[in-house]
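Please open the model in your viewer and keep a selection tool at hand. We will go from stop to stop, with a note at each on what to select.

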Amino acid sequence: MQKEFEMVAKTMYGLEDVLAKEIENLGGKEVKKLTRAVSFLGDMKTLYRVNYACRTALCVLRPIMNFTANNEKELYDNIYRFAWEKLFNPDGTLLIDSSVSSNIFRHSLYVAQKTKDAICDRFRKMFLRRPSVDKIDPDIRIDIHIGENKVVVSLNSSGDSLFKRGYRKSTGQAPLNEVTAAGLIQLSGWQKDCSFYDPMCGSGTIAIEAAMFANNIPAGYYRKNYAFKKWADFNSVEWKLIKDEEDRKITEFEHQIWASDIAGEAVDMAAENINYAHLQHDIHLFREAMEEGNKPEGRCIVITNPPYGERLAVEDIVSLYQRMGDTFKEKYTDCEAYVLSSDIFALKKIGLRPSKKIQIYNGKLECRLFKFEMYSGSRKAKYQNNDIEEEL
């Protein structure tokens, strides 16, 4: 039986609950929510499975050292004493990612430099040669986090962030992070029991993540590289078994997924990404202004990430959000719509009262995800908002 160990999966702020549920469903034990992360126990099979199948994790870390350091010498000495030669050889390459929240250590780049120096000095003393830094494809990727004087050193099992799924070939001016897109879908509670529509699809990320979720396509299905493949204890047979198990869960979606955008350039980029992912038969893509078209027949879930004030003039943003709200009221009866935006002023102009508001980050932008429910008859008025300024 494989030995279990602690792991930490990082995510975006606001997606901790979603990630914790995913980790539990993928076999993680003793799952605990942290800030922008989830800790859990598991074995190497769990590590492989979470990397391959988890939709809302940015990376999976395996902690290997915990200590306190009150100055740079204590940091250096503790790093130096660790048996790094058991993990990789002196001719190998490394990359160090660091983050600090400390009054003692104020600069993450300096912490990364001291960590590198300690590792390389140990190798030089033992073997008369030292590893080099490789920022593209290192043999080992080390993550060091310092909170005040508490230091945690981990191995990054993922390598490049897991939001880099491998299907995106074209991006727009402000592409939505794939992990964030997947998180929006999970936050909506969509049960794959109705159609899905993103009427401002940009490069198509939300629609592609929806199609992958609807068809049970693993998050890492299009991705080739993971850092754990270069670990000394990597088991290629077990890795293939995990992939095969997850791939056998792929199924067919019975409803429709639509994606559209008013910009021809955006539609072209979305088409390239959708075709590369071989999802052109699952996603109905077209060019159209939201207010000019229709939604899929019947009940549907709408999730969209419209332009923010950073990309359009204020008057254009106000008009866009007003038209979006009018379209929801006129054409989206008995549907739920989720709108993600960092522009709180513009969100007020939608003219509907949100039934749910969730704080979430899109990259470094603090955003709100608003849920709007459109009802026919007397219930419709419940969500029309004459006092929405006070609600926000």
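What follows is a short tour of a predicted model.

**Stop 1: helix 2**

Begin by selecting residues 44–53, which form helix 2. How many of its ten residues are buried? Nine of the ten are, so helix 2 is largely enclosed by the rest of the structure. To see them, colour Met 44, Thr 46, Leu 47, Tyr 48, Arg 49, Val 50, Asn 51, Tyr 52 and Ala 53, the buried residues of this helix.

Now show what covers those buried residues: the cover includes strand 1 (5–10), helix 1 (16–25), strand 3 (37–42), strand 4 (59–68) and helix 7 (236–247). Before moving on, select Asp 43, which caps the N-terminal end of helix 2. One of its side-chain oxygens sits 3.1 Å from the backbone nitrogen of Lys 45.

**Stop 2: helix 3 against helix 4**

Next, select residues 72–81 for helix 3 and residues 108–127 for helix 4. Their axes are 8 Å apart, and the two helices pack at an angle of about 45 degrees. That angle falls outside the ranges for roughly parallel (under 35 degrees), roughly perpendicular (65 to 115) and roughly antiparallel (over 145), and helix 3 and helix 4 are therefore oblique to each other. Their crossing is right-handed.

For the contact itself, show side chains on both partners:

- From helix 3, pick Glu 72, Leu 75, Tyr 76, Ile 79, Tyr 80 and Arg 81.
- From helix 4, pick Tyr 110, Val 111, Lys 114, Thr 115, Asp 117, Ala 118, Ile 119, Asp 121, Arg 122 and Lys 125.

Colour this set by residue class and you will find eight nonpolar, one polar and seven charged residues.

**Stop 3: Ser 102**

Stay with helix 4 and step back to Ser 102, in the loop that runs between strand 5 (93–101) and helix 4. Is this serine buried or exposed? Its relative accessible area is 11%, under the 20% cut-off, so Ser 102 is buried.

Draw distances from its side chain and two backbone nitrogens come up. That of Ile 104 lies 2.9 Å from a polar atom of the Ser 102 side chain, and that of Phe 105 lies 3.1 Å from a polar atom of the same residue's side chain, Ser 102. Leaving aside residues up to four places away in sequence, Ser 102 touches Ile 146 and Glu 148.

**Stop 4: helix 5**

Select residues 178–188 for helix 5. Here ten of the eleven residues are buried, so helix 5 is largely enclosed by the rest of the structure. The buried residues are Glu 178, Val 179, Thr 180, Ala 181, Ala 182, Gly 183, Leu 184, Ile 185, Leu 187 and Ser 188.

Then look at both ends. At the N-terminal end, Asn 177 is the cap, with a side-chain oxygen 2.7 Å from the backbone nitrogen of Val 179. After the helix comes Gly 189, whose phi is positive, near 75 degrees.

**Stop 5: Glu 366**

Finish at Glu 366 in strand 15 (residues 365–374). With a relative accessibility of 36%, Glu 366 counts as partly exposed.

Which side chains does it meet through polar contacts? One contact, of 2.7 Å, joins Glu 366 to the side chain of Gln 359, and another, of 3.1 Å, links Glu 366 with the side chain of Arg 368. Setting aside residues up to four places away in sequence, Glu 366 touches Ser 342, Gln 359, Ile 360 and Tyr 361.

As a last selection, add Tyr 13: Glu 366 and Tyr 13 are 353 residues apart in sequence, and their C-alpha atoms are 9.1 Å apart in space.

Methods
Residues numbered from 1 in each chain as written. Predicted model: local features only at pLDDT ≥ 70, side-chain atom pairs only at ≥ 80, totals over all residues. Heavy atoms only, no water. Helix = DSSP H or I, 4+ residues; strand = E, 2+ residues; numbered from the N terminus. Buried < 20%, exposed > 50% of the residue type's maximum accessible area, 1.4 Å probe, protein only. Contact = heavy atoms within 4.5 Å. Polar contact = N/O pair within 3.5 Å; in protein donor to acceptor, adjacent residues only side chain to side chain. Axes fitted to C-alpha atoms, helices over the stretch in contact; angles between N-to-C directions. Left-handed = near helix turned anticlockwise from the far one by under 90°. Nonpolar A, V, L, I, M, F, W, Y, C, P; charged D, E, K, R; others polar.
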